[in-house]
Amino acid sequence: MPDPIVTLCPTSEIPEGSAKSFEVGNLTIAVYNVGGQFYATDNECTHGAASLADGILEDDVIECTLHYGAFNVKTGEAVQAPCFTALRTYKVIVEGGDVKVDMDKTAAD
Ligand code: FES
């Protein structure tokens with residue numbers, strides 16, 4: 001079993017109020033910086049083939065630029081139509097100035 005904890009980048013690479021996508025194995029995840037706290041979800045919108053890291057992050061809500069659906073990045077919950085299916089979240093760990101994710105855990109774990 002590979003180690004589920006993956007180091008993504010230094011915290012400085014994701015400034016406050018921004019998002020960035022990362023390939024982890026065969027998944028692409030988006031990491032968001034909300035007021036200095038980091039959150040991670042699947043990068044692909046649950047409504048269609050759009051990259052949420054390219055969306056608009058306002059506080060803890062990411063808006064998809066394709067049809068303007070939106071999700072809460074802390075819980076993955078869909079908060080704006082036409083998105084109704086929640087995003088999977090991943091547990092983020094900040095350690096030694098790096099952003100890491102535990103791919104086996106959700107934000108709620
Ligand atoms: S693809 Fe994201 S709202 Fe439609």
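Reader: Hi! How many residues sit between E2 and E3 in that hairpin?
Author: There are 2 residues between E2 and E3. One thing to keep in mind is that this is a predicted model. In the turn, Gly25 has a positive phi of about 60 degrees.

Reader: Nice. And how many bridges join E2 to E3?
Author: Strand E2, residues 19-24, and strand E3, residues 27-34, are joined by 6 bridges and run antiparallel.

Reader: Which residue in E3 stands opposite Glu23?
Author: That would be Thr28.

Reader: Switching topic: how many helices and strands are in the protein?
Author: The protein has 10 strands and 0 helices. Read from the N terminus, the elements go β-β-β-β-β-β-β-β-β-β. With a radius of gyration of 13 Å, close to the 13 Å from the globule rule for 109 residues, the protein is therefore as compact as a globular protein of that length.

Reader: What box do the C-alpha atoms fill?
Author: Along the principal axes, roughly 35 × 30 × 20 Å. As for burial, 28% of the 109 residues count as buried.

Reader: Cool. What is the strand order in the open sheet?
Author: The order is E5-E6-E7-E8, 4 strands with antiparallel pairing. E5 (56-58) and E8 (78-80) are the edge strands, each pairing on one side only. On average, neighbouring strands of this sheet are turned by 30 degrees against each other, direction ignored.

Reader: And how many bridges join E7 to E8?
Author: E7, residues 70-72, is joined to E8 by 2 bridges, and the two run antiparallel. Ala70 has Gln80 in E8 as its bridge partner.

How values were computed: Residues numbered from 1 in each chain as written. Predicted model: local features only at pLDDT ≥ 70, side-chain atom pairs only at ≥ 80, totals over all residues. Pairing = 2+ DSSP bridges. Rg over C-alpha atoms; globule rule 2.2 N^0.38 Å. Buried ≥ 20, exposed ≤ 12 C-beta atoms within 10 Å, placed from the backbone. Axes fitted to C-alpha atoms, helices over the stretch in contact; angles between N-to-C directions.
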